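Thank you all for making time this morning. I would like to walk you through one protein slowly, so please look at the sequence and the picture together while I talk.

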Amino acid sequence: MQRHYVWDPLIRLFHWSLVILFAANALLTDPDERIHEVLGYVIVGLIGVRILWGVIGSRYARFSSFPPSFSGAVGQLTDIATGRVRPHRGHTPLGALMIYNLLLTILGIGLTGYLMTTDMFWGIEWPEELHEALVTWAEISVVLHIAAVIYESRRTRVNLARSMVSGYKDLPTSPPEPQQ
């Protein structure tokens, strides 16, 4: 195994702060309380910082290092189906799609939450219904994300959760398989 520094402190702080704040807001607060709204704004602010860091941050934090790629995702699914193991230093193609999904979904949650506080949308049902649907989708996505991290960690023998704590990924030293 060879150790690679991948996740900088800001990425790790963002990730675990988002985990804690989203879980707290979804599971511990009453949606009618002010703290729910405040935590929502903090989460949106965190995502704003992450978007900025995705443009100017370290190598693996930049969005340019993990563009959304449906062909890459299909390739990763093919690898999974055929038993081929190709660990990635940064995000995998499926991981990248999940990141974009979660960032956009949580921004949508924040936007619909804000709309419900405005005079223009006060008492109108669709922002609240969309807000609740997006929260449900985010929760499903989080469960899928956790399951995928566990599955891929076992399949590739790369402890992905530990790398998001330490910043380092321990990857196999064998040469990569040729691209087809």
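Let me begin with charge: the protein carries 14 positive and 15 negative charges, and the mean positions of these two groups are 23 Å apart. Before I go on, please keep in mind that what you see is a predicted model, and that the values I quote are computed from it.

Where, then, do negative charges gather on the surface? One patch of negative charge there is formed by Asp-30, Asp-32, Glu-33, Glu-125, Glu-128, Glu-129 and Glu-132. If you want one residue of that patch to find on the screen, take Glu-33, which sits in the loop between α1, residues 9-27, and α2, residues 34-56. Glu-33 counts as partly exposed, because its relative accessibility is 43%, and that lies between the 20% limit for buried and the 50% limit for exposed.

Now let me step back to the whole fold. The protein has 6 helices and 2 strands, and if you read along the sequence you meet them in the pattern β-α-α-α-α-α-α-β. A box of roughly 60 × 30 × 30 Å, taken along the principal axes, is filled by the C-alpha atoms. Of the 180 residues in the protein, 36% are buried. The area that the protein exposes is about 11100 Å², and 67% of it is supplied by carbon and sulfur atoms. As for contacts, if we take those between residues at least 6 apart in sequence, 66% of them join residues at least 24 apart.

That brings me to pairs of charges. Side chains of opposite charge can pair when their charged atoms come close. How many salt bridges does the count give here? The count comes to 5 salt bridges, and I will go through some of them.

Asp-170 forms a salt bridge with Arg-3, and the closest N and O atoms of this pair are 3.0 Å apart. This pair links distant parts of the chain, since Asp-170 belongs to strand β2, residues 168-171, while Arg-3 belongs to strand β1, residues 2-5, and the two are 167 residues apart. Asp-170 has a relative accessible area of 22%, so this residue is partly exposed.

Next, please look at helix α2, where Glu-37 forms a salt bridge with Arg-34, with 2.8 Å between the closest N and O atoms. Both residues lie in that helix, 3 residues apart, which is about one turn of the helix. Is Glu-37 buried, exposed or partly exposed? With 28% relative accessibility, Glu-37 counts as partly exposed, whereas Arg-34 is exposed, because its relative accessible area is 55%.

A further salt bridge joins Arg-86 and Asp-79, whose closest N and O atoms are 2.9 Å apart. Asp-79 is at 5% relative accessibility and therefore counts as buried. Salt bridges that share partners join Asp-79, Arg-84 and Arg-86 into one network.

Let me turn from charge to nonpolar side chains. Which residues make the nonpolar surface patch of about 370 Å²? They are Trp-16, Val-19, Ile-20 and Val-165, and α1 gives the most to this patch, with 3 residues. Trp-16 lies in helix α1, and this residue counts as partly exposed because its relative accessibility is 33%.

From the surface, let us go to a residue under cover. Ala-61 lies in the loop between α2 and α3, the latter being residues 70-82, and this alanine counts as buried because its relative accessibility is 1%. Which residues touch Ala-61, once we leave aside its neighbours within four places in sequence? Ala-61 is in contact with Asp-8, Ile-11, Arg-50, Trp-53, Gly-54 and Phe-66. For one of these partners, Ile-11, I can add that Ala-61 and Ile-11 are 50 residues apart in sequence, yet 6.8 Å apart in space from C-alpha to C-alpha.

Finally, I would like you to find Arg-157, which has a positive phi of about 60° although it is not a glycine. Arg-157 is found in the loop between α5, residues 125-156, and α6, residues 160-166. Its relative accessible area is 65%, so Arg-157 is exposed.

Note on methods
Residues numbered from 1 in each chain as written. Predicted model: local features only at pLDDT ≥ 70, side-chain atom pairs only at ≥ 80, totals over all residues. Heavy atoms only, no water. Patch = residues over 30% accessible without salt bridge, like charges linked within 9 Å, V, L, I, M, F, W, Y side chains within 5 Å. Areas by Shrake-Rupley, 256 points an atom, 1.4 Å probe, with all protein chains shown as cover. Salt bridge = Lys/Arg side-chain N within 4 Å of Asp/Glu carboxyl O. Lys, Arg positive; Asp, Glu negative; His and termini not counted. Charge placed at Lys NZ, Arg CZ, Asp CG, Glu CD. Helix = DSSP H or I, 4+ residues; strand = E, 2+ residues; numbered from the N terminus. Buried < 20%, exposed > 50% of the residue type's maximum accessible area, 1.4 Å probe, protein only. Contact = heavy atoms within 4.5 Å.
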